[in-house]
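Dear colleague,

I am passing on the structure we spoke about, together with some notes on what turned up in it. Please have it open while you read the rest of this message.

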Amino acid sequence: MNPLSQHRVHQHAKMRQTKATGLKQLIVFGEKYRFGISCFMLIIAECLSCIIALYGATHSTAMFVIAVLSAIIMVALLLAAAPMRLIYIAFGLTLTTDLFILLGLHL
């Protein structure tokens, strides 16, 4: 194989790598800086879940269970060192459930 054809293959592979979507770049960034991002997500999600669980427990047991379960799923994935894609999904699920409960409480 001549060096000219090897160079074209290399350029093609390089172009394919740079065309990553925003979500893929976020996942790669999350894998690189896993410990910092995990701490940030843990603080935000758990504090919000605890506040929602505090207010939800006074209104309904179901609200309390939903808030606590979403927070526990997030913590379990963080402790299990799951892929960042799953942790992002759990973070989104936790924030979404907490915001729906907050809207349900009319705070």
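Helices here are DSSP runs of at least four residues, numbered from the N terminus, and by that numbering Val68 lies in helix H4. Please keep in mind that this is a predicted model.

Val68 has a relative accessible area of 26%, and because buried is reserved for values under 20% and exposed for values over 50%, Val68 counts as partly exposed. The C-alpha atom of Val68 is separated by 6.7 Å from that of Ala53, although these two residues are 15 residues apart along the chain.

As for the interior, the largest nonpolar core has 11 residues, among them Ile37, Met41, Met74, Leu78, Met84, Ile87 and Phe91. Two or more residues of this core come from each of H3, helix H4 (61-79) and helix H5 (84-105), with H5 giving the most, at 5 residues. Met84, a member of this core, touches Ile27, Gly30, Glu31, Arg34, Ile37, Ser38 and Met41, leaving aside residues up to four places away in sequence. There is also a second, separate core of 5 residues, which includes Ile52, Ala53, Ala67 and Ile101.

On the surface, Leu23, Leu26, Phe29 and Tyr33 make a nonpolar patch of about 410 Å². Of these residues, Tyr33 is found in the loop between helix H2 (22-32) and helix H3 (34-59), and Tyr33 is partly exposed, with a relative accessible area of 42%.

With best wishes

Technical notes. Residues numbered from 1 in each chain as written. Predicted model: local features only at pLDDT ≥ 70, side-chain atom pairs only at ≥ 80, totals over all residues. Heavy atoms only, no water. Patch = residues over 30% accessible without salt bridge, like charges linked within 9 Å, V, L, I, M, F, W, Y side chains within 5 Å. Areas by Shrake-Rupley, 256 points an atom, 1.4 Å probe, with all protein chains shown as cover. Salt bridge = Lys/Arg side-chain N within 4 Å of Asp/Glu carboxyl O. Buried < 20%, exposed > 50% of the residue type's maximum accessible area, 1.4 Å probe, protein only. Core = buried A, V, L, I, M, F, W, Y, C linked by side-chain atoms within 4.5 Å. Contact = heavy atoms within 4.5 Å.
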